[in-house]
There are 2 protein chains.
Amino acid sequence: MAKKKPDKASLDEAAARLRSAGLRPTRQRVALAGLLFGKDHHHLTAESLHAQAAKAGVRVSLATVYNTLHQFTEAGMLSQVVVDAARSYFDTNTGAHQHFYCEDDGALIDIPGEAIAVAGVPSPPKGMAVDRVDVVVRIKRA
Amino acid sequence: MAKKKPDKASLDEAAARLRSAGLRPTRQRVALAGLLFGKDHHHLTAESLHAQAAKAGVRVSLATVYNTLHQFTEAGMLSQVVVDAARSYFDTNTGAHQHFYCEDDGALIDIPGEAIAVAGVPSPPKGMAVDRVDVVVRIKRA
DNA sequence: GCGCTTCTTTAGAATTATTCCAAACTATAT
DNA sequence: ATATAGTTTGGAATAATTCTAAAGAAGCGC
């Protein structure tokens, strides 16, 4: 049988992480953090995480999944990837990197941050500061 | 009083454009094309174009605005800019260029195509071809 | 541990953007 | 003019996300 829940150690670690981000380590937040950070970096949507939680036997409402994703993003534990007007993707990799976005099936593929160089960004309007530079390489079946 | 509708000449030109794109020059398409291409390049949403049409005295349903925006995009007369998961922006400038996106107020500002250079894009997975590379420079009030 | 206060969760309603639908129209070719 | 195929439209339908008010847990002081 497949292991469903993350092990206790990683859950404890998740709780600690939450605490230091100023978030109470509630059952649902700890469980979601376990699902999110217990494995390799990956991409997800609110719906997909909600489904994954259900499969792992964690009871969480979809509203809480949305809340949690936003709180984690706010806390810098996740980053949001905007590639499609229809749905919001999140990425457990918060480091500087970019994405391929497959327009046929909606898949996201990481491009390591050091691979791509963007030169010539003009200085932003007065009073504004650059928050970050996103590069999306849109690909299609040839 | 402010001029509300585009002049006849530009409407005729719009009709010709539509015809060569394989679209019947209907009253609503011609009117929307007049609003879109009769002036400098700009950014818009379905809602904003619908409102603008209403103000210009053109009767068009919102559904038709959506249809038309997609058809024009398909025909290469408009391009879609994805910067915010919440709404779809369109751009009358279909040339290669990029954008500043102001996260505070949702404003889009063009960055000329020749300004920015993106180097190091890895080759896409087998069987895939790069459709285009979008760069969004997210800015905030400093 | 007990009670209190504050933060969280939740089900379901509400919102928002967008698409779908079937009926009424209209451009175009004949 | 007519017929035909492509369009428009209001309103219903969807989909993703947010809001709300009430019930449930955490954390703190005693």
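### A friendly note on chain A, chain B and two DNA strands

1. Let us begin with one residue, T92(A). Setting aside neighbours within four places in sequence, T92(A) is in contact with L36(A), F37(A), D40(A), H41(A), H42(A), L44(A), M77(A) and L78(A); contact means heavy atoms within 4.5 Å. Please keep in mind that this is a predicted model, in which local features need pLDDT of at least 70, side-chain atom pairs count only at pLDDT 80 or more, and totals for chains, interfaces and linings use all residues. Residues are numbered from 1 along each chain as its sequence is written, chains are lettered from A and ligands numbered from 1 in the order in which they are written, and side-chain values use heavy atoms, with hydrogens and water left out.

2. Where does T92(A) sit in chain A? It is found in the loop between β3 (89–91) and β4 (97–102). Helices (H or I, at least four residues) and strands (E, at least two) are DSSP runs, numbered from the N terminus. T92(A) counts as buried because its relative accessibility is 5%. Here buried means under 20% relative accessible area, exposed over 50%, and partly exposed in between (1.4 Å probe, protein chains only).

3. Two of the partners of T92(A) deserve a closer look. Its side chain makes a polar contact of 3.1 Å with the side chain of H41(A), and also reaches the backbone nitrogen of H42(A) at 2.8 Å. A polar contact is a pair of N or O atoms within 3.5 Å; within protein, one must be able to donate a hydrogen and the other to accept it, and residues adjacent in sequence count only if both atoms are side-chain atoms.

4. L36(A), one of the residues in contact with T92(A), leads us to helix α2(A). How many of the 11 residues of this helix are buried? The count is 8, so the helix (residues 27–37) is mostly covered. The buried ones are R29(A), V30(A), A31(A), L32(A), A33(A), G34(A), L35(A) and L36(A).

5. Now step back to the whole of chain A. It has 4 helices and 7 strands, and its C-alpha atoms fill a box of roughly 50 × 40 × 25 Å along the principal axes. Of its 142 residues, 37% count as buried. Among contacts between residues at least 6 apart in sequence, 46% join residues at least 24 apart.

6. Chain A is assigned domain 1 (8–81) and domain 2 (95–139); such bounds come from an automatic or database domain assignment. The domain centres, taken over C-alpha atoms, are separated by 25 Å. Across the boundary, 4 residues of domain 1 are in contact with 5 residues of domain 2. The two domains of chain A bury about 400 Å² between them, with 56% of it on carbon and sulfur atoms. On the domain 1 side, H43(A), Q80(A) and V81(A) lose the most area, together 85% of what that side buries. Buried area is the accessible area (1.4 Å probe) that two parts lose on being put together, summed over both.

7. Next comes DNA strand C. Around it are 20 residues, of which T26(A), Q28(A), T64(A), R19(B) and Y66(B) come nearest; a residue is near a strand if one of its heavy atoms lies within 4 Å of it. Sugar and phosphate make up 83% of the atoms of strand C that come within 4 Å of the protein. The side chain of Q28(A) has an N or O atom 2.5 Å from a sugar or linking oxygen. R24(A) places a polar side-chain atom 3.1 Å from a sugar or linking oxygen, whereas R24(B) has one 3.4 Å from a base nitrogen. The largest share of this surface, 4 residues, comes from α4(B).

8. Which residues are closest to DNA strand D? Among the 21 that surround it, they are Y66(A), T26(B), Q28(B), R29(B) and T64(B). Phosphate oxygens of strand D lie 2.5 Å from a side-chain N or O atom of Y66(A) and 2.7 Å from one of T26(B). A phosphate oxygen is also 3.4 Å from a polar backbone atom of R59(B). Of the strand D atoms within 4 Å of the protein, 81% belong to sugar or phosphate and the rest to bases. Here α4(A) gives the most to the surface, with 4 residues.
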